[in-house]
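Subject: A structure to look through

Dear colleague,

I am handing over a structure that I would like you to look through before we next talk. My notes on what was found follow below it, and I suggest reading them with the structure open beside you.

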Amino acid sequence: MTSRTSVAAATAAWDQAGDGGFEAAFLPAERRIGQMRRITRAQLRHWDLAMLTDAATLVVSELVTNAIKHGKGHPVGLRVRHSAYELRIEVTDGTPTPARLRSADVTDENGRGLLLVAALAKEWGVSTDGTMTWCSLAIPDGRP
């Protein structure tokens, strides 16, 4: 996980870039997980970033699931943006309890979501107020 300073710097740099993206806000419901995956997949095709579809939809699924499960009923927000070098995925849940890596036992059915996000992402983190979990995926050189 990155430091709070690098999170602030990354967010400031991203906001200055002014690159395209999409946002969705919704009430927490399990059916929204699949919807957000489908919307993300369609947007990546539109941006000619289909090579990131598998990783991005898995990350969206994990982060949105966490927000729905642990957001205490607060609305959930998804923002996906891209620059020439990275895809940034942000999920908010309105609660100040930050997402954290857990140590799941072999027999546990849950607890590996952020481990997957950390494995797929170039970097990931949590906002200083704990309400947003974000990650960035590198856009490969020589993309179509």
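Which residues of the largest nonpolar core touch the most other members? Please keep in mind that this is a predicted model. The core holds 31 residues, and those that touch the most other members are F26, V64, L78, L87 and I89. At least two residues each come from β1 (21-26), α2 (31-46), α3 (53-70), β2, β3 (86-92), α4 (113-120), β4 (123-126) and β5 (132-138), while the largest share, eight residues, is supplied by α3. As background, nonpolar side chains tend to be buried together in soluble globular proteins.

A good place to begin is L78, which sits in strand β2, residues 76-82. L78 counts as buried because its relative accessibility is 2%, which is under the 20% cut-off for that word. If neighbours within four places in sequence are left aside, L78 is in contact with ten residues listed here in full: F22, E23, A24, F26, M36, T40, V60, I89, E90 and V91. L78 and T92 are 14 residues apart in sequence, and their C-alpha atoms are 6.7 Å apart in space. From L78 you can move on to I89, whose contacts beyond four places in sequence include V60, L63, L78, W134 and L137.

The charged residues deserve a separate look. Side chains of opposite charge can pair when their charged atoms come close, and a search of the whole structure finds five salt bridges. In one of them the side chains of R79 and E90 meet, at 3.5 Å from N to O; because R79 lies in strand β2 and E90 in strand β3, this pair ties together parts that are 11 residues apart in sequence. R79 is partly exposed at 25% relative accessibility, whereas E90 is buried at 6%.

E90 also meets R81 in a salt bridge, at 3.6 Å from N to O, and R81, at 12% relative accessibility, counts as buried. Another salt bridge joins E86 and K122, with the closest N and O atoms 2.7 Å apart. Since E86 is in strand β3 and K122 is in the loop between α4 and β4, the pair ties together parts that are 36 residues apart in sequence. E86 is buried, with a relative accessible area of 11%, and K122 is partly exposed, with 48%. Finally, E23, R79, R81, R88 and E90 are joined into one network by salt bridges that share partners.

With best wishes

Note on methods: Residues are numbered from 1 along each chain as its sequence is written. This is a predicted model: local features need pLDDT of at least 70, side-chain atom pairs count only at pLDDT 80 or more; totals for chains, interfaces and linings use all residues. Side-chain values use heavy atoms; hydrogens and water are left out. Helices (H or I, at least four residues) and strands (E, at least two) are DSSP runs, numbered from the N terminus. Buried means under 20% relative accessible area, exposed over 50%, partly exposed in between (1.4 Å probe, protein chains only). Contact means heavy atoms within 4.5 Å. A nonpolar core is a set of buried Ala, Val, Leu, Ile, Met, Phe, Trp, Tyr and Cys residues joined through side-chain atoms within 4.5 Å. A salt bridge is a side-chain nitrogen of Lys or Arg within 4 Å of a carboxyl oxygen of Asp or Glu.
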